[in-house]
Amino acid sequence: MSGRLPARPGEAIDRGRPLTIDFEGRRAPAFEGDTVGSALAAAGVTITGRSFKYHRPRGLMCMTGACPNCLMQIDGIPNVRSCTEPVREGMRVERQNAWPSVDRDVHGVLDSFSFMMPPGFYYKVFQRPRWAWSKVEPIIRKQAGLGKVPRTEDHEPREVVNLHADVAVIGGGLAGLAAAAEAAAAGASTVLLEQRREAGGRALGSADDVDRARLVAEAEASGARILLGTAAFGVFDGPVVAAVGGGGLQRIRARHLVFATGAVEQPAVFPNNDLPGVMLSSAVELLVNRFRVLPGRRAVVLTSNQDGYRAARTLRDAGADVFVVDLRAGAGSADGLRVIPGSTILSAKGRRGVTAVSVGAPGSATGQSIPCDLVVLAGFSAPSTNLLAMTGAKLGFDDDAQAFLPVELPPDVHAVGAVAGARTVQGAIAQGRLAGLEAAAAVGQEPPGAAGRMEVLRAQAAERGDPVVLPPEVATGEGKQFACLCMDVTSKELKAAAAEGFDSMELLKRYTTVSMGPCQGKACMLSAQRLCARAAGSSFAETRPTTARPPWTPVELGALAGWRRTPRKETTIHDLHADSGATFMWAGDWRRPHHFATPEQEVEAVRHRVGVIDVSTLGKFRVKGPEAVELLERLYPNRFGDLAVGRVRYGAMLNDEGVILDDGAVCRVGDDEFFVTVTTGNTAALERWITWWLADWRLDVRVLNVTGAFAALNLAGPDSRKVMSVLTDADVSSEAVKYMSASSFEVAGVPSLVLRIGFVGELGYEIHFPSMYGEHVWRAVMEAGRPFGIVPFGLEAQRVLRLEKQHILVGQDTDAESDPFEVGLGWMVKADKPDFLGRRALEDLAEAGPKERLVGFTCDPSWLPPEGASVVHEGVWVGRVTSARRSAAARSVVGLAWVPAGWAEDDTEIEIQFGGAHAKAKVALKPFYDPEGARLRS
């Protein structure tokens, strides 16, 4: 197996573009269009790797990525399927699972000790004495696996792409191309997924390329979107087809799914059926017709249908000496080929590659020996029903096909081609065209005359071909007969496992690991089912395949993780903040200024002059309708029916267990309308929460999330009223705009809703206005405040200011068990209300009393306890710090902490510890700054 055959039309390689790859330290020639497997085959490499358990030599078998024989380490990435991996200039290729080399692997001695590794041996040996397993386990684990995990980090970005289509076709063989062409031509938006780099399926290896070329051109001309190199690996509810390719994860949501996933050729089971040189006919045809490599000079083809004869003619025309072994007793000579009828391969001979086969009648112990260097297994296939089964399709056994085929499909799902049992080219194409037309008609794109065409196509689609004849389940000769090449599971091991009681496919899979390897059953399911049936004394038809689960094809974890784009939201004033030199931080999905100058300077400005902060990120809801009051009464524990129009009330929303979910301001702007604010990070969750309950309660009220529609500024400080007087012609005196009031007037010429509230503990105005005017209003505020020394302030200064007032942050100072009584908000719980969320739980909590309390504390400013520091008593943890900052106003560290309820008294001493640092602190129940609230009410 070396060198290249003469050029022919339709070959995949470009002989005018030679490449060189690095194969285990030596240079190997290749051409553009080669795969690594075809290039190495042309270079005379016959052993492509060593088997998983016994380290037996393995060679190319399928050339489609459906078996484990070609797995190699390429450019540091393990377990790459070299038979389908395109060559690149200078790529580094290494074979796997051997030491010191694949050609001379010392671990090959394990093959002689296979009797020590029966099914489930890891459950049975090294268990006594008990210390033995701890000694042996590291050795076994080191030997397990195939490639070596790369030590370098992979930073290659993977995108996540969402596609929507009327029709999605999975599989780019002839049936899939026909379906895509018809659906797209009818006007349905169509996407076709094909895992190979070329469409055509089994026809890619055919010497006659007419049907493939015609259907590819037809599908492209019709407007179907063909995604090559994109392998579907799972079907999920929706339905959503998950595929990997094109640099990332593809999620396809289609109204109709057409499965044209074909069938996977299967090896026969006989002694030494894993030797290098034992290949499937699809691989042979690809090597000869597409890559122009002759895989052997003397070939024996085992077949029972025309696939084998086509492969035999291909080899003969390329210069090989060919024998055909036909399982059918009535087979005769065809096209001058030498045919041995009514026979099978009894065994293969060789050590590092096949050198001869024994041929005889099925069940014979001995037979005719035929020297050869290539054994071709042709015509034994298992329909690729796994993806189809993930949709909920029902499978049934078909005697003619000797396979499990779909017998019941979910609505909007179609199966065509070999996966549906088609065994002729024309039948497969007819099935594809019929499914494409039916899918298009179902989505409202039925072309003229479609009904008549469908009737003709149904008749053509019924053509299935000759019945399938399979080789014997197992041969009688000596030597290992492999049912699963991935995990080195033999027919003898399956028989032994069945004798131990593991006599179903699901049990065999887990006990022997059959079909659990890299191919996930693609190359072994047929033989495993038949051998299981034989061992259990049942029929093939009674032995169902194992449950289909994703991923059907291997997927890198990086592709599943995808390129995680962090949602990034910016207020309409963001660019002005950036121009002012703001340092930004994440606040939920938002980018907000952490500080502009220094937090200390910003705090000083708010306390003594005036400052402004962009609070556009606050969640904002309009609640309007005849039963708006009823909705709020049920969502909050405090009362809103008596809230006057133009007034504001602080409220905390609870869940069913009385736990605080969020807090904010509720403003009544009309008899049946309220303006509600919630915290930045909880907006989306609370929207879902409110609308869920609204749907359950069926109240006559509408809730609209207007967070993005309104910008908001908080103007705060002793001089904030002076700045407001410049910005508006409205009366902003303390009598006209009272504390906890909501007023509507123009600010900087923009209609605004102004809330007189004071989260930072100073006279303040929270101005809400249409977000399109964000930059205009910000500039106007800064200009109006310039004579008064206004400064913008960020989140850090706001946190210091709110902490000095002991205002809590839900989610930071509270957790998933915090109730209003524990955080000092018991005053808002109106137990005499008929009902509200959490009412029953709060009744029990009120009666039992809190076990812990959230309290303020002060301590020496020489050490700032970090958030999360422990509150301890005699070295035992009793609480934790939730917030702490140095306060210039209090001239100490101020903070909030959870402590035992009995400690919630002023001046109670507590000890705070973090690592090796300690601090003595005192409990303070009142705000550290302006405890009576005179400044914010001024």
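Here are some short exercises with worked solutions on a predicted model.

**Exercise 1. Where do D321 and R338 lie, and what links them?**

Start with the contact. D321 and R338 form a salt bridge, and their closest N and O atoms are 2.0 Å apart. Next, place the partners: D321 belongs to strand 17 (residues 321-326) and R338 to strand 18 (residues 338-340), so the pair ties together parts that are 17 residues apart in sequence. Finally, check the exposure. D321 is partly exposed at 32% relative accessibility, and R338 is partly exposed with a relative accessible area of 36%.

**Exercise 2. Find the salt bridge between R885 and E796, and decide whether the two residues are buried or exposed.**

First, the distance: the side chains of R885 and E796 meet at 2.6 Å, N to O. Second, the location: R885 sits in strand 44 (residues 876-887) and E796 in helix 21 (residues 795-804), so this bridge ties together parts that are 89 residues apart in sequence. Third, the surroundings: R885 and E796 are both buried.

**Exercise 3. Which helix holds both E630 and R634, and how far apart in sequence are they?**

Both residues lie in helix 17 (residues 628-635). They are four residues apart, about one turn of the helix. Their salt bridge has its closest N and O atoms 2.7 Å apart. For exposure, E630 is partly exposed at 34% relative accessibility, and R634 is partly exposed at 24%.

**Exercise 4. Put the pairs in context: how many salt bridges does a search of the whole structure find?**

The search gives 50 salt bridges. Some residues join in a network of such bridges: R56, R58, D111, D274, K480 and D488 are linked in this way.

**Exercise 5. Classify E762 and E909 as buried or exposed.**

Take E762 to begin with. This residue lies in the loop between strand 39 (750-755) and strand 40 (764-770). Its relative accessible area is 1%; buried means under 20%, so E762 is buried. The side chain of E762 makes a polar contact of 2.9 Å with that of R935.

Now turn to E909, in strand 46 (residues 909-914). Its relative accessible area is 56%; exposed means over 50%, so E909 is exposed. E909 also helps form a negative surface patch, together with E905, D906 and D907.

**Exercise 6. What separates the C-alpha atoms of E24 and R92?**

Locate E24 in the loop between strand 1 (14-23) and strand 2 (26-32). R92 is 68 residues from E24 along the chain, and their C-alpha atoms are separated by 7.4 Å. E24 itself is partly exposed, with a relative accessible area of 30%.

Definitions and conventions: Residues are numbered from 1 along each chain as its sequence is written. This is a predicted model: local features need pLDDT of at least 70, side-chain atom pairs count only at pLDDT 80 or more; totals for chains, interfaces and linings use all residues. Side-chain values use heavy atoms; hydrogens and water are left out. Patches are made of residues with over 30% relative accessible area and no salt bridge: like charges are joined within 9 Å, nonpolar side chains (Val, Leu, Ile, Met, Phe, Trp, Tyr) within 5 Å. Accessible areas come from the Shrake-Rupley method with a 1.4 Å probe; for residues, only the protein chains shown count as cover. A salt bridge is a side-chain nitrogen of Lys or Arg within 4 Å of a carboxyl oxygen of Asp or Glu. Lys and Arg count as positive and Asp and Glu as negative; His and the chain ends are not counted. The place of a charge is taken as NZ of Lys, CZ of Arg, CG of Asp or CD of Glu. Helices (H or I, at least four residues) and strands (E, at least two) are DSSP runs, numbered from the N terminus. Buried means under 20% relative accessible area, exposed over 50%, partly exposed in between (1.4 Å probe, protein chains only). A polar contact is a pair of N or O atoms within 3.5 Å; within protein, one must be able to donate a hydrogen and the other to accept it, and residues adjacent in sequence count only if both atoms are side-chain atoms.
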